[in-house]
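User: Could you take a close look at one part of this model for me, and then show me how the rest fits around that part? I'm in my first year, so please explain each term when you use it.

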Amino acid sequence: MKKVLGNKKAIALFVVPALIVYTIVVIAPIAVSFYYSFFSGTPGLKWEFVGMKNFLRPFQDSRFRDALFVNLRYIGFVMVGQVGLGLCMALLFRFWLKRFKNLIRTLLFFPVVLPTVAVGQLFAKIYEIQPNYGLLNSLLANIGLQQYVHAWIGEVDTALPSLIVMDIWSAIGFHAVILY
């Protein structure tokens with residue numbers, strides 16, 4: 001192995017073709033797209049240089065700002081929830097759980113290996129749009145908390161927190177095992 005790594009021609013023989021293909025397939029389209037972002041219109045017909053206007057225009061749209069704020073809120077809560085609760089679970093594994101910690105770690109990590117579609121279907125059944133059919137709504141109704149029954153992912157006020165809980169649940173095991 002040392003002989004091959006010391007041979008500059010062998011390194012070039014393996015690296016240069018891959019670098020050429022990568023440049024053509026990835027780097028060149030990114031550079032061309034960045035260049036085009038400073039222009040407006042259709043190339044060949046009406047094509048004018050507008051500078052930074054294309055980058056500043058979205059921030060003047062209130063819908064874009066609202067969507068950006070919702071995305072930032074989602075990212076913030078999910079990131080803090082996944083890492084924070086993952087850290088709490090890792091500390092729980094390390095200092096408190098003595099018996100069955102391998103079983104509990106496995107069960108906590110299980111949602112990580114589930115396909116995203118399966119997690120989505122599972123939470124669709126938990127949060128069911130029809131208020132009386134979802135698992136969460138049935139549980140709330142049966143323990144006497146009828147006032148908290150909602151169409152969780154169908155209402156504006158509860159949709160984002162419901163999705164945040166789903167995303168945190170699906171990845172908390174990954175962070176717990178890594179931090180452990």
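Analyst: Let's begin with Phe64, which is found in helix 4. Helices here are DSSP runs of H or I with at least four residues, strands are runs of E with at least two, and both are numbered from the N terminus. This is a predicted model, where local features need pLDDT of at least 70 and side-chain atom pairs count only at pLDDT 80 or more, while totals for chains, interfaces and linings use all residues. Residues are numbered from 1 along each chain as its sequence is written, and side-chain values use heavy atoms, with hydrogens and water left out.

Is Phe64 buried or exposed, or something in between? Phe64 counts as partly exposed because its relative accessibility is 32%. The cut-offs are these: buried means under 20% relative accessible area, exposed means over 50%, and partly exposed is what lies in between, using a 1.4 Å probe and protein chains only. Leaving aside neighbours within four places in sequence, Phe64 is in contact (heavy atoms within 4.5 Å) with Pro58 and Phe59.

Phe64 also belongs to a nonpolar patch on the surface, together with Phe59, Leu68, Leu72, Ile75, Met79, Val80, Val83, Leu87, Leu91, Phe95 and Leu179. Patches are made of residues with over 30% relative accessible area and no salt bridge; nonpolar side chains (Val, Leu, Ile, Met, Phe, Trp, Tyr) are joined within 5 Å, and like charges within 9 Å. The residues of this patch have about 1100 Å² of accessible area together, worked out by the Shrake-Rupley method with a 1.4 Å probe, where only the protein chains shown count as cover for residues. Helix 4, which spans residues 62-95, gives the most to the patch, with ten residues.

Close to Phe64 in the numbering, we meet a salt bridge between the side chains of Arg63 and Asp61 (3.9 Å, N to O). A salt bridge here is a side-chain nitrogen of Lys or Arg within 4 Å of a carboxyl oxygen of Asp or Glu. Arg63 is exposed, with a relative accessible area of 64%, whereas Asp61 is partly exposed at 30%. By this rule the count comes to two salt bridges. Lys46 and Glu48 form another one, with their closest N and O atoms 3.9 Å apart. Of these partners, Lys46 is exposed at 61%, and Glu48 is partly exposed at 39%.

Now for the interior. In soluble globular proteins, nonpolar side chains tend to be buried together. Which residues make up the largest nonpolar core here? Val119, Phe123, Ile126, Tyr127, Leu140, Val149 and Trp152 do, seven residues in all. A nonpolar core is a set of buried Ala, Val, Leu, Ile, Met, Phe, Trp, Tyr and Cys residues joined through side-chain atoms within 4.5 Å. Helix 6 (residues 116-126) gives the most to this core, with three residues. Apart from this core lies another, of five residues, among them Phe93, Leu97, Ile172 and Ala176. How does Phe64 relate to the seven-residue core in space? The C-alpha atoms of Phe64 and Val119 are separated by 29 Å, and the two residues are 55 apart along the chain.

Leu140 and Trp152 let us look further into that core. Beyond its neighbours within four places in sequence, Leu140 is in contact with Leu145, Gln146, Tyr148, Val149 and Trp152. With the same kind of neighbours set aside, Thr158 is in contact with Ala151 and Trp152. Thr158 is found in helix 8 (residues 156-179), and counts as buried because its relative accessibility is 12%.

Finally, some aromatic rings. A search of the whole structure finds eleven aromatic pairs; rings of Phe, Tyr and Trp (its six-membered ring) pair if their centres lie within 6.5 Å, and planes under 30 degrees apart count as stacked, over 60 as edge-to-face and the rest as tilted. Tyr35 and Tyr36 form a tilted pair, 6.1 Å centre to centre with 45 degrees between the planes. Tyr36 also pairs edge-to-face with Trp47, at 5.3 Å and 85 degrees. This pair links distant parts of the chain: Tyr36 is in helix 2 (residues 8-36) and Trp47 in strand 2 (residues 46-49), eleven residues apart. Ring pairs link Tyr35, Tyr36, Phe39, Trp47 and Phe49 into a cluster.
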